[in-house]
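Reader: Please take a close look at the pockets and cavities of this model. Then add the salt bridges and any nonpolar patch.

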Amino acid sequence: MKYELNEISTIVNGKLHGNNSVISRIFIDSRNQAGEGADSLFVAIRGERHDGHRFVEELFEKGIRNFLVNNGFDCEKYTDANFVTVENTLEALHRISADYRNSFSFPVLGITGSNGKTCVKEWICRIFQNQKKISRSPKSYNSQTGVPLSILIADAESELGIFEAGISMPDEMKRLEKIIRPNIGIFTNIGDAHQENFKDIEHKIREKLKLFADSHLLIYCSDQIVLHKIIAETAHGYRLFTWGRNENCNLQLVEKIDVENGTSLKILVNDANLSKKIDREQVFEIPFSDLASVENIMHCIAFALTEGIAPDLLRKSLANISPVAMRLEMKAGINNCIIINDSYNSDVNSLTIALDFLNGLSLHTKKTVILSDILQSERNETKLYRQVSELLRNKGISKFVGIGEALERNAMLIANNANIQNCVFYANTDIFLKHCHKTDFADEAILLKGSRPFKFETISRLLELKIHQTVLEINMNALVENLNHFRSKLKPDVKLMAMVKAFSYGHGGAEIASLLQYHRVDYLAVACADEGISLREAGIGMPIVVLNPDPDNFDIMIDYRLEPEIYSIKSLEIFIQTASGMGVGNYPVHLKIDTGMHRFGLDEDDLAMACNILKNSTIVRVASVFSHLVASDEEQHDEFTRYQIDRFCTFCDFIEQHIGTTFIRHILNSSGIERFPEAQFDMVRLGIGLYGVGTEANRANLIPVGTLSSAIVQIRNVDANQTVGYSRNGYAVTPRRIATVPIGYADGLNRKLGKGAGYFMVNGQPAPIVGTICMDACMIDLTGLDANESDRVVVMGENPSVYHIANIVNTIPYEILTSISQRVKRIFVL
């Protein structure tokens, strides 16, 4: 996108105050001004709960010089800035994005519906990721502001655009249609979300259908009777492509069969007008079994076939498709609980999704739901809560707390139908808080699902573990994105082992492992038996490899079903002896061979003896053989890396020939996945890249997962010639404003960052560390900065980055991350 301000002024029927300027970026969130510059335009939007005009002065002070504001704003006081004034800035934003949309030469797919929009969008992108260059809505940007921003960041050279559109009020879709103008449409489903602002479900359907006023093709499920009826009545000018159980559908879902690790879908193709002729009967296997995922996948299949994708290629894509990250917040709770806070939607469909996520967690067997009245529904109350009770029963919920008058009225129905013995009801949140005791909850995963008027944030505060002000926030969506980035590099059928050793590189233990298990990685790897035992006790059931096992712990490892790395003849003999004594047979082990690291591993001279032992033993079986690359991230050592890979192939062939069985081969780490795709073999090991750290060439493709932050607890003025901290290392040449932050070297803050070497970000501005870093605290210089006590400070995140910090202290990002103390609480955000 590139406009001049005078062009924008013409497009929006506005008036330009100041100089003309070239604009290539538009933003509306003043908090996200970092990285914006002379070519950026801030659009000050006035809404019910906010007014962007309040932040113009702050942004001006931070260097922003181009603004789009409402008429009447005092532009004259900003003599060095450029303003376009309009009647309504939101409408102006819509006009700019609609004008930019006119430049698109590629087809655009618009997606609407009550649920599944983001999932369908992301899965279609994954299906076509190697076929087309795609621009799409980021995350769930489907609102009156999200849609235009999505359009404005689209690449004009794309081959396909995919944009979501969501509405909560009548006439909103008419405005979004002018921006997206989709050639093709998908209507995912219709549910009760945001129903309160529409007369009835038919009214909402008709409003959503306005998105497709100029489309030539609409895809939907005709099993939804009301939706099908209204579309059939109003479809004028575009072709309908339906899927469902009915034989009259273009794609008939004939059979849905549960298979190992997923579902098999048998489909009959009844459309003779597809761009490519294919066999009428098609079978696709997907790695999901829940109905919502099947519905979303069917929309993707329908779109892919109308776009002419070959069924075999589609099959491969679907077999490896992974879940899309959900918008949830997960925190440590009191009494060893996990709190999952999800108040994004309050309807039966979103409750189903949240319950699926709750069940996907393996951290606790006891599952609790605290639910408010469902307000976004026009459904008969009795029918609504009977369906809720059936969901609770089917999802195996152990405890239910209902809050709201409607739930209280239906208490008997829910308690009896849900078959939950521990079932309590309260008329409102205040009454619940009055009667709730912290001892009521222990060792359970608790889902908070409350409509906004019920103020469930008060319940969340009650149940959350009270935490040290210094926290490490873990962006689980970023972790999933990083995982999917590396998965996109893999050939079909290549497995993935995820490294969760060293407390998942400092990011957390069981929570990370549970998410990885949910996203179906093939193996987890830890460094020692204790780490593996902790994961097992937290409910992680998938295969776990112990990379540096102590032979003295082999018996405990067997008790906890942990699979050992075997790195020497001695460790092999001891493990066989231990397993034999415990009556265990055919136990999986993983042979480590040394190809050049010279740390752990069987030497070439050991292989014949090891093979002889393995060939004659029924106690163990070789699950995998692997080695460790020395410098896969360093181009100057590529010749040695290839030498290691060649030796690995030779050694594996020798082992396979002599023991007479096949096994998984793996040698690539994170940087190896990026740089040596020819050596993927049967599996790869994803470590530091999973957490958003990569080589300089790959950093742009990864998202840092952790943000370390703290808070200012005290501010004092220090006179000139006074000192700050131990050994008087912080000398004030002039009067300084000094803040104390409760993070020190016991939390993992390296002492080399002291005495001005490092800095924290305070309200978007760097504040240098003053003097010597203490055990539990440090001091920063706020002189000239706008900051107050209790303000949050960023210790490590986007800025300063882990790379920057590692460079200051002359180490590697691994050390910085793994040094973060476990007393620093982790908060997991999804």
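Author: Open and closed spaces come first, then surface contacts.

This is a predicted model, where local features need pLDDT of at least 70, side-chain atom pairs count only at pLDDT 80 or more, and totals for chains, interfaces and linings use all residues. Residues are numbered from 1 along each chain as its sequence is written, and side-chain values use heavy atoms, with hydrogens and water left out.

Start with the terms for empty space. The search runs on a 1 Å grid over the protein atoms alone. A cavity is a set of points where a 1.4 Å probe fits but cannot get out. A pocket is an open set with protein on both sides within 12 Å along at least five of seven lines. Lining residues have an atom within 4 Å of a point. Points are joined across faces, edges and corners, and a volume is the space filled by probe spheres set on them.

The second largest pocket has a volume of about 1,000 Å³. It is lined by 41 residues, and Asp633, Asn669, Ser671, Ile688 and Tyr814 are the closest to its centre. Four elements give two or more residues each: α18 (501–505), α25 (670–675), α26 (802–808) and α27 (813–818). Helices here are DSSP runs (H or I, at least four residues), strands are E runs of at least two, and both are numbered from the N terminus. The largest share, four residues, comes from α25. By class, this lining has 17 nonpolar, 13 polar and eleven charged residues. Nonpolar covers Ala, Val, Leu, Ile, Met, Phe, Trp, Tyr, Cys and Pro; charged covers Asp, Glu, Lys and Arg; the others, Gly among them, are polar.

Now the closed spaces. There are three cavities of 30 Å³ or more. The largest cavity holds about 70 Å³. Its lining includes Leu749, Leu753, Val795 and Ile805. The classes are eight nonpolar, two polar and no charged. The second largest cavity holds about 50 Å³. Leu749, Leu753, Val795 and Ile805 are among its lining residues too. Here β37 (759–762) and α26 give two or more residues each. α26 gives the most, with three. This lining has nine nonpolar, two polar and no charged residues.

On to the salt bridges. Each one is a side-chain nitrogen of Lys or Arg within 4 Å of a carboxyl oxygen of Asp or Glu. The count is 28. Glu233 pairs with Arg206 at 3.4 Å, N to O. Glu233 lies in helix α8 (225–234) and Arg206 in helix α7 (201–209), so the pair ties together parts 27 residues apart in sequence. Glu233 also meets Lys229, at 3.3 Å. Lys229 and Glu233 both lie in α8, four residues apart, about one turn of the helix.

Exposure is set by relative accessible area: buried is under 20%, exposed over 50%, partly exposed in between (1.4 Å probe, protein chains only). Glu233 is partly exposed at 41%. Arg206 is partly exposed at 35%. Another bridge joins Lys210 and Glu207, with N and O 3.1 Å apart. Lys210 is partly exposed at 30%, whereas Glu207 is buried at 7%. Elsewhere, Lys121, Glu122, Arg136 and Glu164 are linked in a network of salt bridges.
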